[in-house]
Amino acid sequence: MCGIAGYKVTRPVDRSVLEAMIKALYNRGPDAAGFYASGDYHAGMRRLMINDLKTGNQPLFNADKSVVLLYNGEIYNSPELRRELEAKGYRFRTSSDGEVICHLYDEYGDGLFERLDGMFAAALWVEREKKLILARDIPGEKPLYFSKISDREIVFSSQVRSVKLFPDLDLDLNYQAIWDLPTFLWIPEPQTIYSSIQSLPPGHILIADDSGIRIRRYGNKFNRNAIVCNDDSIISETRRVVEEAVVSRLLSDVPVGAFLSGGLDSSIVVALAARHLDGLTTFTIGFENLADPYHGHTDESSYAEAYARQLGTRHCTIRVAADTFLKSLDDFCRYADQPFSVSSGLGLLAIAKAARDAGIKVLLSGDGADENFGGYSWYSHIPEGIGIAGPDAPGGQSISFQNLGMSLDERMAVLRFYSPQERAWAWHYYASEGEKRQLFSQDIFDGAGSSLRFFHEFNPHSEWQGIDYIRQDRIFYLPNEMLSKVDRMTMAYSVEGRAPFVAPSVLSHAEKLQYHHLIRGGVLKWALRKSFEDILPDEIISRPKHGFNVPIDHWLKDKWSFMIEEAFSRDSALYKQGIIHEGSLVKAREMMLDDVRLNGHTIFTYIMLNHWLELCN
């Protein structure tokens, strides 16, 4: 695990530039550094030592050192790949999981990446061809950003804040990305906060050589066998792929820990990991026990503690309150790398710090199970919410599942008139186009494209099947929110977060499942529950989803209310840069007082955008 950065440019660049870019990645790899230079190509890395502690420093090479690797991540099937390569005559210099990439290039060229079960952002330099290959893992667990300097020149890094240190980049803010931010709480890839910097999409490679710069997708070849669609086969195959994914992600030469919320997903991961690891350490968050409008009471740490005692893990509950998280907002903002306002990330940040203090460098999480196996509460309402948008649809309303002041029947009555794309927004997301128009300055955002365009790009048709909404979450919500949150918040304290539920084999398996395998009789994650009901207590199998939730609406109406005044004042960066207008403060106050619609996440987004502009831009 590490952070990587580098550039392929024809003009001379002072060595101090690369050193500064690498220094900016220190939190991603505090244990060691490595550099490589050849002609126009210069790159480096910061290493977090997890596997091959003695000989695993980078760069890594093939046999004649004509292929050079700097990479961030873990290749979980590296033992299998190593055996295959050794049988073909390849010899290894190190025990590093990453060295297989160098030798695989000699065998398969840039087709090698579809053979990797892992999370990675890789920079592969082929000396004989003067070719740079950048690659990102299939689910998108590890970030990789780049900026094109010219048709053949490029700068790249694991973080935006590192790329922006390269001299003479155009660092104009991306106002379309800012427009999208309050709807999603994050900037959808491949956009970034800067117009000149992009994210390499998950499951893609970028090739830069004398022919130019080109990007293409590579395939997920894992678990491509046909599935027998009877219940028994679905249940057994689900058990197999999940268990194999968890066990493979225990690969480590340092202690491994795990998030444990007491819910289904993290309990499955911990139960399986505890079978293979002695002395597993588990962590959960304990909040003030407030009434959470989403899931009931916010503090469910007692469930996690009870299950940890049953399994015999070394358990740590981190007790937090509004004041605790307020003190961590600077770190939350800085390590998110870009404007980001998913408040549950504050809980992960606290757990990552506790893990690092306890000497834990690897944390397993249950992220990805909801998207792959049908876990969000609104998924069970999809069939009744499908309708045809028509002339009688209520006009001018921003009704979504955030309208918890309305009954479910009232919300569903409106959603039936929405187009599929509007409905995809309403199920899962936050600020509407109309709400943003009342908060943002018209001078800057008059030409901004609707954030609904992402749903049109996924499926422009007027008919969506129920499974389409879940699949859209897998390709859009999962990498942009869940995996970004896990990576950024754990790496803030130099801890590696691993999510077995997004293994390529699990993703392939999930794509074969139909809606009735995911939700049946009102039961969410039906197949996943059935697959592990023999090893989990009944109370975990039957407990509704909760997760690491932060009572953001309550805090913004109480102890954090001053931040609304600061973010929307005339002295804020938002106002001084013309992003909001003079009446935005009145509108923000009005939205927070709305007793029908929850607007805390929307307003928190503006607060964090302002904080990022003042602290990080």
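The largest cavity in this predicted model has a volume of about 150 Å³. A search of the whole structure finds 4 cavities of 30 Å³ or more. The lining of the largest cavity is formed by Tyr 145, Trp 186, Ile 187, Glu 189, Gln 191, Ala 336, Gln 338, Pro 339, Phe 340, Asn 480, Ser 484 and Arg 488. Sorted by class, these lining residues comprise 6 nonpolar, 4 polar and 2 charged residues. Helix 19, which covers residues 466-491, gives the most to this lining, with 3 residues.

Helix 19 also takes part in the second largest pocket, where it supplies the largest share of the lining, 8 residues. The volume of this pocket is about 910 Å³. Its lining consists of 28 residues, and those closest to the centre of the pocket are Ile 138, Pro 202, Arg 217, Arg 474 and Ile 475. At least two residues of the lining come from each of helix 18 (453-458), helix 19 and helix 20 (504-512). By class, the lining of the second largest pocket contains 13 nonpolar, 8 polar and 7 charged residues.

Helix 19 appears once more when the charged side chains are considered. The structure holds 35 salt bridges. One of them joins the side chains of Arg 28 and Asp 487, with a distance of 2.8 Å from N to O. Arg 28 lies in the loop between helix 1 (15-23) and strand 2 (32-38), whereas Asp 487 belongs to helix 19, so the pair ties together parts that are 459 residues apart in sequence. Are these two residues buried or exposed? Arg 28 is buried, because its relative accessible area is 0%. Asp 487 likewise counts as buried, because its relative accessibility is 2%. The pair also belongs to a network of salt bridges that links Arg 28, Lys 142, Asp 487 and Arg 488. Arg 488 is, in addition, one of the residues that line the largest cavity.

Two further salt bridges may be set beside this one. Side chains of opposite charge can pair when their charged atoms come close. The side chains of Lys 131 and Glu 129 meet at 3.2 Å, N to O. Lys 131 counts as buried because its relative accessibility is 10%, whereas Glu 129, at 37%, counts as partly exposed. In the other example, Glu 244 forms a salt bridge with Arg 240, and the closest N and O atoms are 3.0 Å apart. Both Glu 244 and Arg 240 lie in helix 6 (residues 231-248), where they stand 4 residues apart, about one turn of the helix. An α-helix has 3.6 residues a turn, so residues three or four places apart point the same way. Glu 244 is partly exposed, with a relative accessible area of 45%, and Arg 240 also counts as partly exposed, at 32% relative accessibility.

Glu 99 presents another situation. This residue lies in helix 3 (residues 99-108). Glu 99 is buried yet has no salt bridge. The nearest side chain of opposite charge is that of Arg 82, at 4.5 Å, whereas a salt bridge requires the nitrogen and oxygen atoms to be within 4 Å. Which residues, then, is Glu 99 in contact with, leaving aside its neighbours within four places in sequence? They are Leu 60, Phe 61, Arg 91, Phe 92, Arg 93 and Thr 94.

Just before Glu 99 in the numbering comes Gly 98, in the loop between helix 2 (78-87) and helix 3. Gly 98 is buried, because its relative accessible area is 0%. When residues up to four places away in sequence are not counted, Gly 98 touches Leu 60, Leu 69 and Tyr 71. Leu 60 is also among the contacts of Glu 99. The C-alpha atoms of Gly 98 and Gln 58 are separated by 9.2 Å, although these residues are 40 residues apart along the chain.

The final element is helix 5 (residues 175-184), which is mostly covered, with 8 of its 10 residues buried. The buried residues are Ala 177, Ile 178, Trp 179, Asp 180, Leu 181, Pro 182, Thr 183 and Phe 184. They pack against helix 15 (420-428), helix 16 (433-439), helix 17 (442-445), helix 18, helix 19 and helix 28 (600-615). Helix 18 and helix 19 thus meet the buried residues of helix 5 and also contribute to the lining of the second largest pocket.

Note on methods: Residues numbered from 1 in each chain as written. Predicted model: local features only at pLDDT ≥ 70, side-chain atom pairs only at ≥ 80, totals over all residues. Heavy atoms only, no water. 1 Å grid on protein atoms, 1.4 Å probe; cavity = no way out; pocket = protein on both sides within 12 Å on 5 of 7 lines; lining within 4 Å. Points joined across faces, edges and corners; volume = space filled by probe spheres on them. Nonpolar A, V, L, I, M, F, W, Y, C, P; charged D, E, K, R; others polar. Buried < 20%, exposed > 50% of the residue type's maximum accessible area, 1.4 Å probe, protein only. Lys, Arg positive; Asp, Glu negative; His and termini not counted. Contact = heavy atoms within 4.5 Å.
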